[in-house]
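Me: Please take a close look at one part of this chain. I would like one helix and the loop after it, residue by residue, with the whole chain as background.

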Amino acid sequence: MSDIKTIPPVEVRLGFNWKGMLISILIGFGIWVIPNPEGLTPRAWGMFALFVATITSIITKAMPMGAATLVALVISGLTGLTPIKAGKDEIGMLSGFSNSTIWLIGIAMFLSRAVIKTGLGKRIALYFVARFGKKMMGVAYGVALADLIIGPGIPSAAARGGGIMYPIMQSIADAYDSKPGPTALRAGAFLAIVVSQIDTIVCTMFLTAMAGNPLIAELAKGQGINITWTDWFLGAIVPGIVSLIVLPYLVYLFYPPELKDTPKMAEMAKNELKQMGPMSTAEIILAIDFILLLLLWTVGDLIFGISATLSAFIGLLILLITNIMSWKNIISETTAWDTMFWFAVLVMMANALNKYGTISWVSSHISAYVGIFSWPVAFTILVLVYFYTRYFFASAMAHISAMYLAFLAAAIAVGTPPMIAAIGLGYTSTLSMSLTQYAGGPGPALYGSGYNTTGQWWGISFLVSIFSLIIWFIVGGLWMKALGWW
């Protein structure tokens with residue numbers, strides 16, 4: 001009997017932050033008990049209350065995002081807001097899980113793991129730093145070029161900026177003995193902010209460069225606007241390239257590093273590339289697969305009739321067949337599966353809000369305030385409000401889920417051309433990530449390195465945001481005019 005091992009008791013703890021949960025419940029219940037506004041059914045008002053409570057729980061970090069959306073999913077089913085077997089005028093509880101956009105973003109995240117696993121992403125970044133890294137501005141532009149190349153296949157700003165660019169940035173700072181504190185301004189402080197700004201621009205340029213972009217495209221469908229991978233890229237290419245040229249230089253002017261010449265960095269990058277050796281077979285196959293995906297995403301639907309999601313499946317299958325990614329790798333990619341789950345629930349809730357009339361009710365109140373202006377002025381006001389409310393959100397998904405659809409409907413209601421409204425607010429959603437260190441992407445890792453104070457980060461980012469909006473409004477607006485979008 002003495003050889004029998006006893007299983008230690010499981011320690012039971014609350015799986016949520018009780019303060020955040022209490023706030024979410026009180027807000028949701030408070031909305032629900034208010035009499036239905038005129039024009040809204042009990043189901044529409046109930047879904048609105050549940051949606052606000054869910055977004056509040058995400059903002060307050062009451063529990064992980066996937067868990068918060070699971071709670072919402074169960075409540076919506078139990079209360080009949082979204083029954084499993086949906087009728088003609090209902091949204092099904094599990095309808096979001098059959099959405100093709102959800103699978104596109106999930107598969108793209110699987111592919112991004114291969115880019116990091118094989119070392120291809122690091123090799124590309126080191127190559128450009130080796131070529132341009134003799135000057136500090138050259139380092140910044142080298143990072144921009146590397147991020148631009150790998151951006152379409154890595155739908156995570158944190159993975160690119162935090163997992164690939166951040167270690168290289170840290171190596172540069174260490175090489176010149178730039179540490180948090182007295183020597184931060186030597187190199188590290190500038191690099192941390194410029195990498196964040198670059199990553200934000202690249203996220204804005206490709207539909208598959210950030211998880212929130214496909215969500216935006218899916219929400220736009222609810223207003224009858226179809227945004228393809230090519231549409232997104234085509235609209236962003238000109239203002240995006242201008243931003244990649246201008247904004248890093250503005251950071252350099254506003255927040256100049258003490259070191260201007262960095263010959264050590266170029267040499268260090270060359271040495272690291274030598275240590276990595278020639279491209280492996282896995283890297284070569286992955287690079288070819290990557291090029292094939294870009295081709296299919298760009299023209300596959302138009303020429304071959306292959307959707308972006310099916311193209312992503314093809315790319316993943318190639319990696320499975322060549323054993324660059326194993327099935328075990330795929331099922332263990334918890335971040336991708338987690339993203340797909342909460343993505344599906346949020347899409348389901350957004351579709352329900354739209355179908356039940358809640359979005360049109362909210363947008364009518366918003367448009368009432370700006371409808372007195374011409375559509376360019378009204379749309380500008382909406383974009384500015386939408387952009388700078390990002391200060392109140394620590395999650396790109398929470399910001400998009402809470403505000404995008406209502407602002408899109410309001411923009412269309414005041415006469416904004418639908419494609420301009422949908423894609424303009426979409427770009428704004430991503431660009432606003434650059435405002436704070438907590439707004440998403442690599443900000444937490446870069447800010448966490450300790451090179452910048454909150455005041456420095458916010459101050460420089462706010463100044464750059466003004467020029468960023470000017471570029472996307474003027475250059476982007478003229479470019480979209482040339483495309484015939486308005």
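Reply: What follows starts with the whole chain and then goes to the helix and its loop.

This is a predicted model. The chain has 21 helices and zero strands. Its radius of gyration is 23 Å, and a compact globule with 486 residues would come out near 23 Å, so the two agree. Along the principal axes, the C-alpha atoms fill a box of roughly 85 × 70 × 55 Å. Of the 486 residues, 54% are buried. Take the contacts between residues at least 6 apart in sequence: 78% of them join residues at least 24 apart. The exposed area of the chain is about 20700 Å², with 69% supplied by carbon and sulfur atoms. The chain carries 26 positive and 20 negative charges, and the mean positions of the two sets are 3 Å apart.

Now the helix. H19 covers residues 418-431. Ile423 is one of its residues. Its relative accessibility is 0%, so Ile423 counts as buried. Setting aside residues up to four places away in sequence, Ile423 touches Ile227, Asp231, Trp232, Met480 and Trp485. For a distance across the chain, take Ala144: it is 279 residues from Ile423 in sequence, and their C-alpha atoms are separated by 23 Å.

Ser429 also belongs to H19. Buried means under 20% relative accessible area. Ser429 has 0% relative accessibility and is therefore buried. Its side chain has a polar partner: the side chain of Tyr386, at 2.6 Å. Tyr386 also appears among the contacts of Ser429 beyond four places in sequence, together with Ile216, Arg390, Ile400 and Tyr404.

Next comes the loop. Ser434 sits between H19 and helix H20, which covers 443-448. A loop position does not leave this serine exposed: Ser434 has a relative accessible area of 5%, so it is buried. A polar atom of the Ser434 side chain lies 3.0 Å from the backbone oxygen of Leu431. Leu431 is where H19 ends, as the helix runs over residues 418-431. Away from its neighbours within four places in sequence, Ser434 is in contact with Gln197, Thr200, Trp457 and Ser461.

Put the two serines side by side. In the helix, the Ser429 side chain pairs with the side chain of Tyr386. In the loop, the Ser434 side chain has the backbone oxygen of Leu431 at 3.0 Å.

Terms used. Residues numbered from 1 in each chain as written. Predicted model: local features only at pLDDT ≥ 70, side-chain atom pairs only at ≥ 80, totals over all residues. Heavy atoms only, no water. Helix = DSSP H or I, 4+ residues; strand = E, 2+ residues; numbered from the N terminus. Buried < 20%, exposed > 50% of the residue type's maximum accessible area, 1.4 Å probe, protein only. Polar contact = N/O pair within 3.5 Å; in protein donor to acceptor, adjacent residues only side chain to side chain. Contact = heavy atoms within 4.5 Å. Rg over C-alpha atoms; globule rule 2.2 N^0.38 Å. Areas by Shrake-Rupley, 256 points an atom, 1.4 Å probe, with all protein chains shown as cover. Lys, Arg positive; Asp, Glu negative; His and termini not counted. Charge placed at Lys NZ, Arg CZ, Asp CG, Glu CD.
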